[in-house]
2 protein chains.
Amino acid sequence: MDQIDAEPVATLVGPLARRDDWAADRCSLAKALEVVGTRSAMLLMREAFYGTRRFDDFARRVGITEAVAATRLRGLVDAGLLTRRPYREPGRRTRQEYVLTPMGRDLAPAAVALMQWGDRYLADADGPPVVLAHAGCDEPVHVAVTCAAGHEVALGDVTVSVARRRTA
Amino acid sequence: MDQIDAEPVATLVGPLARRDDWAADRCSLAKALEVVGTRSAMLLMREAFYGTRRFDDFARRVGITEAVAATRLRGLVDAGLLTRRPYREPGRRTRQEYVLTPMGRDLAPAAVALMQWGDRYLADADGPPVVLAHAGCDEPVHVAVTCAAGHEVALGDVTVSVARRRTA
DNA sequence: CGCCTGACTAGGGGATGCCATAGCCAGAGA
DNA sequence: TCTCTGGCTATGGCATCCCCTAGTCAGGCG
């Protein structure tokens, strides 16, 4: 251990304790960042969570140019977070809309976690601009790390260990 | 509403329902991304969560050059996620270490949420490389959006509304 | 006093992200 | 058939991110 004092960080167990022997290139966080690691990609996902579907709404609401929106949306479709789907309003021509897939929808906790962190530490004097609540009980929502038994887990109580490989 | 069918997305209530009247530039998610919106910044935070403290360990384990590590670490210190602290091992010269602040520590749920999403959708055939568990009960941890009453909340059950401003 | 090491800084260059302006194409309405 | 609009694509340019290869600086040790 190269810990000097007992700062609450995660505990690495098993082979991971020798950090430099472990290749971080398989890290799922790194892989996730390859897909949604840009500002524009994550903000486009925010819009998708808010129900935006049309190309120019995405571009305008995120505040990026249509060229960037086209590139980024194509990337998100290719990665599987959104699907392109033609639709038709009566009296209008056929259009494409970008709709969340389950994979895209499952990114919501990460986006909410980032938003919550921003609310807490980066909001201006007026406080956070929006509040997320549970439609059922009207209580505000928050994101937390919990274990299967339902305990909320602090960083200092997390252990990190190598997973058993699915394949030999 | 420009919803075509009932996809489970968040429901915007009040003034927010007219999306284009709402300026997204105060969005906390956007602000968070200004701080940790780059791949290297988030991966440096991952290392910090794992207990890394020394400059060259950060650079080597994240797989970035020392120049990038220096710039990014300075940014994280300036933003308040890490502090620089001199320390001294006996017989060694004084060094600087980078230690998590409470602000940095509170980013952990967002990082875990992204990692969990990557585990689920982006892992290779071997499955995710590491498993996070609760030190107390050994159960794997996961990140979820919950309300104050403890209910796990799906995206479709989230409402988004304007916050009451802290200041007039 | 001079070497060595840890912790950076400097410089040069390629790739990506973003912006602004302009153009293209399909299809509905006139 | 002509026009208009939504939904993109194209071009050119600046900024940022990242890499690689040095070089610098402080301080403990021989």
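Student: What makes A:Arg72 a polar contact of DNA strand C?
Tutor: An N or O atom in the side chain of A:Arg72 is 3.0 Å from a phosphate oxygen of DNA strand C. A polar contact is a pair of N or O atoms within 3.5 Å; within protein, one must be able to donate a hydrogen and the other to accept it, and sequence neighbours count only through side-chain atoms on both sides. So 3.0 Å qualifies. This is a predicted model, with pLDDT of at least 70 needed for local features and 80 or more for side-chain atom pairs, while totals for chains, interfaces and linings use all residues. Residues are numbered from 1 along each chain, chains are lettered from A and ligands numbered from 1 as written, and side-chain values use heavy atoms, without hydrogens or water.

Student: Which atoms of A:Ser40 and A:Gly63 approach a phosphate oxygen of DNA strand C?
Tutor: For A:Ser40, a side-chain N or O atom is 2.7 Å away. For A:Gly63, a backbone N or O atom lies at 3.3 Å.

Student: Which elements give two or more residues to the surface near DNA strand C?
Tutor: Chain A offers helix 4 (66–79), and chain B offers helix 3 (55–62), helix 4 (66–79) and strand 3 (94–100). Helix 4 of chain B has the largest share, 4 residues. Helices (H or I, at least four residues) and strands (E, at least two) are DSSP runs, numbered from the N terminus.

Student: How many residues surround DNA strand C, and what makes them near?
Tutor: There are 23, and the closest include A:Ser40, B:Arg74 and B:Arg95. Near means a heavy atom within 4 Å. Of the DNA strand C atoms that come this close to the protein, sugar and phosphate make up 69%. The surface divides into 6 nonpolar, 6 polar and 11 charged residues. Charged covers Asp, Glu, Lys and Arg; nonpolar covers Ala, Val, Leu, Ile, Met, Phe, Trp, Tyr, Cys and Pro; the others, Gly among them, are polar.

Student: Why is A:Glu34 with B:Arg39 called a salt bridge?
Tutor: The closest N and O atoms are 3.0 Å apart. The rule asks for a side-chain nitrogen of Lys or Arg within 4 Å of a carboxyl oxygen of Asp or Glu, so the pair passes. Chain A and chain B have 6 salt bridges between them.
Tutor: Helix 6 (residues 108–121) gives the most to the side of chain A that touches chain B, with 13 residues. That side holds 62 nonpolar, 15 polar and 28 charged residues.

Student: What is the area buried between chain A and chain B?
Tutor: About 9400 Å², with 60% from carbon and sulfur atoms. Buried area is the accessible area (1.4 Å probe) lost by two parts on being put together, summed over both. The contact (heavy atoms within 4.5 Å) takes 105 residues from chain A and 105 residues from chain B.

Student: How do you know that strand 5 of chain A and strand 5 of chain B pair?
Tutor: Pairing needs at least two DSSP bridges. These strands, residues 141–147 in each chain, have 7 bridges and run antiparallel. One bridge joins A:Val143 to B:Val145.

Student: Why are strand 4 of chain A and strand 1 of chain B at the edges?
Tutor: Their open sheet has the order 4(A)-6(B)-1(B), with mixed pairing. Strand 4 (130–134) of chain A and strand 1 (11–12) of chain B each have a single partner strand, so one side of each is left without a neighbour in the sheet. Strand 1 of chain B runs parallel to strand 6 (residues 158–162) of chain B, with 2 bridges. There, B:Leu12 has B:Val160 as its bridge partner.
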